[in-house]
Amino acid sequence: MSGWFRVFSPATIGNIGPGFDVLGMAVKGLGDVVWARRRRRGIRILEIRSPTPLPSDPSRNTASLAAANVLKILGETGGLDLRIHKGLPAGSGLGSSAASAAAGAFAANWLYGRHLSTEQLILAATQAEAEVSGGFFADNTAPALLGGATLTRCCVPLDVTRIGIVRRLRIVLVTPSITVLTRDARRILPATVPMSAFVANMANTALITAAFAKNDYSLFARSLHDVVIEPVRARLIKGFDQVKQNALKAGADGMAISGSGPTVFAITDNPGKARAIEQQMVLTFNAMGIASRSWVTSMDPHGTRMLEDGHAGK
Ligand code: HSE
């Protein structure tokens, strides 16, 4: 297929525990591949391969919306064709729409001269995600584009920084077959929080930031506590408390909800233990009649990237 480029964008955990709407990280081995080529004008989606149905109308898909935002910033009148191969289940809490948005923004910028900074691409992708999800937050789009862990200080104007990576961190992801809509998971959150809870979450978020900056696994492990969001959202994930208890019993150093769920993630720095933890979590969901998918992975330091440069054979 001549003229096609292939872009990969990773799955993301955003937010991470106490860092609601602020902390996010990219994970290895899972993500979307978007093929892109130039066309004279307009954006078309020629193909979507996805385990769950997704809109191929370019005005409703985050990949095309993000690409359109990039073309607009560039003042470009040209267009592009896209083929989207989803490696991520939609609505899982793994940043599926953000991965497509990041790949779409990256591809459009690449095809039209690479004039935009990564921060501008994050804005284009975040706006695209907001058009589809209704919420404007960059804790998935930022790590998807930058790789590693990121911190969003502010969305308007966008102020995002890449923090770093914890190399020893092993992440056990388990996605139960439960539907949790981000919109619903946000609607149930408290409007105010007690001062003691605010202080606890602020302290843990600050320590997680330090952990990524210092590449310090044990600091991360002892800071993965969220006393504000998790207790409320856990109610949307049947079996959450038991899965967490059994993950900890199997040797995990912590477990939290990935984004707004339903995916949960447990952490360890022991690759041998990771499989046992994964098994316990899956078995616990199973015992409650809930099937799940699971992965053992680590952090993706690179973020969105080109897989092959031009004229890529399919
Ligand atoms: N930070 C958002 C939330 C991410 O937790 O609601 C949603 O994927």
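A cavity here is a set of grid points where a 1.4 Å probe fits but cannot get out. Keep that in mind for the last exercise; the model you're looking at is predicted.

**Exercise 1. Work out which residues surround the ligand and how their classes split.**

Step 1: Collect the shell. Gly14, Asn15, Phe20, Asp21, Phe137, Asp139, Asn140, Thr182, Arg186, Arg233, Gly259 and Ser260 surround the ligand.

Step 2: Sort them by class. You get two nonpolar, six polar and four charged residues.

Step 3: Check the domains. Domain 1 (5-165) and domain 2 (170-297) each give at least three residues to this shell.

**Exercise 2. Find the side chains with a polar atom 2.6 Å or 2.5 Å from the ligand, and say how much of the ligand is covered.**

Step 1: Start with the ligand's nitrogen. Asp21 puts a polar side-chain atom 2.5 Å from a nitrogen atom of the ligand, and for Asp139 a side-chain N or O atom is 2.6 Å from a ligand nitrogen.

Step 2: Move on to oxygen. Here Arg186 has a polar side-chain atom 2.6 Å from a ligand oxygen atom.

Step 3: Add the cover. On its own the ligand has 260 Å² of accessible area, and the protein covers 95% of that.

**Exercise 3. Locate the ligand's pocket, then look for enclosed space.**

Step 1: Place the ligand. It sits in the largest pocket.

Step 2: Count cavities. One cavity of 30 Å³ or more turns up, and the largest cavity holds about 70 Å³ of space.

Step 3: Read the lining. Among the residues around the largest cavity are Asp226, Ile229, Glu230 and Ala256. Asn15, Arg233 and Gly259 line the largest cavity too, and these three also surround the ligand.

Note on methods
Residues are numbered from 1 along each chain as its sequence is written. This is a predicted model: local features need pLDDT of at least 70, side-chain atom pairs count only at pLDDT 80 or more; totals for chains, interfaces and linings use all residues. Side-chain values use heavy atoms; hydrogens and water are left out. A residue is near a molecule or strand if one of its heavy atoms lies within 4 Å of it. A polar contact is a pair of N or O atoms within 3.5 Å; within protein, one must be able to donate a hydrogen and the other to accept it, and residues adjacent in sequence count only if both atoms are side-chain atoms. Accessible areas come from the Shrake-Rupley method with a 1.4 Å probe; for residues, only the protein chains shown count as cover. On a 1 Å grid over the protein atoms alone, a cavity is a set of points where a 1.4 Å probe fits but cannot get out, and a pocket is an open set with protein on both sides within 12 Å along at least five of seven lines; lining residues have an atom within 4 Å of a point. A molecule sits in a cavity or pocket if more than half of its atoms lie within 2 Å of its grid points. Ala, Val, Leu, Ile, Met, Phe, Trp, Tyr, Cys and Pro count as nonpolar, Asp, Glu, Lys and Arg as charged, and the others, Gly among them, as polar. Domain bounds come from an automatic or database domain assignment. Grid points are joined across faces, edges and corners, and a volume is the space filled by probe spheres set on the points.
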